[in-house]
Amino acid sequence: MRLVFPNPRLEDRIPSHEDLELMEKVETGDRLKWGSKTQYLLTCVGFCVGLGNVWRFPYLCQSHGGGAFMIPFIILLVFEGVPLLYLEFAIGQRLRSGSVGVWSSIHPYMTGVGIASMTVSFFVGMYYNTILAWVMWYFLNSFQSPLPWSQCPLNDNLTDLVSECKRSSPVDYFWYRETLNTSTSIEESGGLQWWMVLCLAAAWSVLYLCCIRGIETTGKVVYITSTLPYVVLTIFLIRGLTLKGSVEGIKFLFTPDLNELLNPSTWLDAGAQVFYSFSLGVGGLISFSSYNPVHNNCEQDAIIIAIINGFTSIFAATVIYTIIGFRATKQFDDCLNENILMLLNAFDLVEGTVTEINYDEMLQNLNSTISGSEVIQGLDLSTCNLRTFLSDGVEGTGLAFIVFTEAITKMPISPLWSVLFFVMLFCLGLSTMFGAIEGVVVAIQDFKIFPTWPKEVISGIVCLSSFLIALIFSLGSGNYWLALFDSYAGSIPLLIIAFCEMVGVAYVYGIERFNKDIEFMIGHKPNIFWQAMWRVISPLIVLVIFLIYFVNEVSSTLTYITWNPSSENFPVLEILPYPNWVYIIILLLAGLPSLAIPGFALYKVLQKCCCKKTIKKLELNTVSANVNMYDTK
Amino acid sequence: KYLFSINSALGDQAYVWNENEMFLFRATLAFAMRTYSDGQEYDVANVVVCDETPRVSFWFVVTSPLDASLLVDKRRVEEAVRKSRSRINSAFLLTDDTLEFIGIPPTLEAPVAPDTPPWLIAFGVVMGGVGAGIVVLLVSSVKRDGEEETGGKTENEAASDAIYNMSFSDDEPVTQM
């Protein structure tokens, strides 16, 4: 099957193999290079391994049948994740350009894919760094004992605890009130929260410091940001295993429930998790691998990165669940002891008659008499079930800022664990941000919007403009805006971009040419497995995921959860539908990048047809970046 | 009413509740009444205990030292107890949770509020370090660009030598440039 779209003058736009050999020998210094292979691998690992590995994967694992979730996860890792990863590495290394340069080389009509990647990088970078600002806030607040989220503050006349805190919990109160100062709905903006603005400024400043010269600076920083999380996770694992109840957590996490495999949403979630976990489609990976030497073995790199990413997810899930097991056991013990105390007091029994072990039978004995059961009913004993506490399924910010912080307060030397935890989260997120910023900055450089400005200035402009727009997330309703961005800016456009990438390389660039390129670069042609994946299976998987997502979103009324102290079910979060004007914003977020792909193609077509003037071929003056741009006078 | 939960508080080091402990309790209560009430000379005999159970809970009343049949007002007793709560607790090596008075909630400690919130201090440290780093890197960038311009000429000659040598093997791509 030789299905290839006609692509004339492709050879003119891309460096030939001879050009590449020449570029290898002559070091012009025009294009950046990696300091060492380690820096490259650490940067890619850092980019792929992010907050999602820590707070999304464990939740998915636990809610989709524990150990059984590994099966769809690993299958989709092999059939969807690794082929896409290999493709991005190979095409970047071959065409030696960022995502915009790559796609405009493959075909000018496909430049839209690069633009879409840049836009998505920009949006995702904005809200992702806000999460880092929250992490920074918690980190800064960890340098005190007792931790501020361990107890409720007193109200104004010092007679009682603050009502909002008393009805929910100190950690909830600290998160929703003292950190976010959240309003009750997305329509109420609530004004800028000054402490959040400061933390946001701090987060963007740290990011600017690290990205100031592109991979020159990030290449050094990743030695710390990519390795520190593993160190901290190991420390937490050792600490966690010594706590009571940790093994319960691990057992709960990994107990397989094979029935979940029959549930299609398990496979959908596994596919989505693999896809988003690898940060595919944002253009960062293409960019990173374009700085590699031409004969770098990208096949090996793709497999190594995939294995490390998968392993990290499982490792992080184990660590998280030792701590969750500890917390659940503590809650269970507290609940039971409360009940025991109530029983002892009500029946005036000697201490020690009712213990945790004989609680059930004692309760039954006391319940058997008429007067006893009346008293017991009046007591309002709460049911204590360990499983309920364990499956207090939390993911995302809830896991990090509510569940985990609560668990930390119960550990001895809490400030130390808190500092370690939030440093780890910050490193995880920061290394992912490097890829996002790279995706935007390199695209701007490829477009030659500001050709003479140095990289420091462009990075500065990107960071500053992102910071200013991200101030929206420091409003009272910022949390809701962030959830909006998270759900729609990164999800659907990335799936479309990934699909177009695979179709573009396999059918527009030509799979035959691609095979020859890989043979030139690493010495052997990709085997039948890769061929099957790139041509058919991986695009199909991505298409299926996209269709199901799209249909789901379009067919349901979109809702969001809010924190409303005056609602009936407080502290349970209230579900509200989005107001109508938010739909426009959702369309912009998801639609703008997606429509950039056909939109730019259309623009090029119109340009060609309507302006039939002489097409001047501009060649750039650098040896290493042979991106030809067509200009009409 | 008073509730003691000795075992849950002390575990292995729990003491056995007996008459002597009860005597200590009555003495501490008398102390509380003396110090925080009207200053009269309350004595152990003025604290009357009844309805003692093995749970270690009991009722008590306080009689006036002047007239044994006159009971001291409940509110005054409660106030005295509330003010001397920590002394009574520590006499029995217990806390507010394990030594309960029914009807007297534990007093809440006013939190210690430092003048500058500690997070601002940490913030200052972080921003100071980051700012210094950015300035250092920008300055070194400017310096580097300056050096490249002045020292560039000799480098170009060397580079063109290299290209010249290469032209023996790869003619076309070079000449195209």
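How many residues of helix α7 (residues 99-106) of chain A are buried?

**Entry 1: helix α7 of chain A.** I began with this helix in the predicted model. I found that 8 of the 8 residues of α7(A) are buried, so that the helix is mostly covered. I listed them as Ser99(A), Val100(A), Gly101(A), Val102(A), Trp103(A), Ser104(A), Ser105(A) and Ile106(A). I then looked up what these residues pack against in chain A, and noted α1 (10-13), α6 (70-95), α8 (111-140), α16 (284-290), α22 (414-447) and α25 (492-522).

**Entry 2: α8 against α25.** Two of the partners of α7(A), namely α8 and α25, I examined as a pair. I recorded an angle of about 150° between α8(A) and α25(A), with the axes 10 Å apart. An angle over 145 degrees counts as roughly antiparallel, and α8(A) is therefore roughly antiparallel to α25(A). I noted the crossing of these two helices as left-handed. On the α8(A) side I found Val113(A), Ala116(A), Ser117(A) and Val120(A), which meet Pro493(A), Leu494(A), Ile497(A), Cys500(A) and Glu501(A) of α25(A). By class, I recorded 7 nonpolar, 1 polar and 1 charged residues in this contact.

**Entry 3: helix α24 of chain A.** I next asked how many of the 11 residues of α24 (residues 478-488) are buried. The count is 8, so α24(A) is largely enclosed by the rest of the structure. I listed the buried residues as Gly478(A), Asn479(A), Tyr480(A), Trp481(A), Leu482(A), Leu484(A), Phe485(A) and Tyr488(A). I found that they pack against α8, α10, α25, α26 (528-555), β1 (559-562) and α27 (580-610) of chain A. The pair from Entry 2, α8 and α25, is thus among these partners.

**Entry 4: α10 against α21.** From the partners of α24(A) I took up α10. I found that the axes of α10 (residues 170-179) and α21 (residues 397-409) of chain A come within 9 Å and cross at roughly 140°. The two helices are therefore oblique to each other. I recorded the crossing of α10(A) and α21(A) as right-handed. The contact is made by Val171(A), Asp172(A), Trp175(A) and Tyr176(A) of α10(A), together with Thr397(A), Phe401(A), Ile402(A), Thr405(A) and Glu406(A) of α21(A). I noted that its residues divide into 5 nonpolar, 2 polar and 2 charged.

**Entry 5: Gln331(A).** Is Gln331(A) buried or exposed? I located this residue in helix α17 (residues 298-347) of chain A. Gln331(A) counts as buried because its relative accessibility is 17%, and the cut-off for buried is under 20%. Beyond four places in sequence, I found Gln331(A) in contact with Phe389(A) and Glu406(A). Glu406(A) also belongs to the contact of α10(A) with α21(A) in Entry 4.

**Entry 6: confidence.** For the model I noted an ipTM of 0.78 and a pTM of 0.84. I read an average pLDDT of 71 for chain B, with 65% of the residues scoring at least 70. Among the elements of chain B, I found the lowest mean pLDDT (47) in helix α6 (residues 172-176) and the highest (82) in helix α2 (residues 19-36). I noted that pLDDT stays under 50 over residues 153-167 of chain B, a stretch with 2 contacts beyond four places in sequence in the model. Residues 169-174 of chain B are also below 50, and I recorded 6 contacts there beyond near neighbours in sequence. Where pLDDT is low, predicted coordinates should not be read in detail.

Methods. Residues numbered from 1 in each chain as written. Chains lettered and ligands numbered in written order. Predicted model: local features only at pLDDT ≥ 70, side-chain atom pairs only at ≥ 80, totals over all residues. Heavy atoms only, no water. Buried < 20%, exposed > 50% of the residue type's maximum accessible area, 1.4 Å probe, protein only. Contact = heavy atoms within 4.5 Å. Axes fitted to C-alpha atoms, helices over the stretch in contact; angles between N-to-C directions. Parallel < 35°, antiparallel > 145°, perpendicular 65-115°, else oblique. Left-handed = near helix turned anticlockwise from the far one by under 90°. Nonpolar A, V, L, I, M, F, W, Y, C, P; charged D, E, K, R; others polar. pLDDT = per-residue confidence, 0-100.
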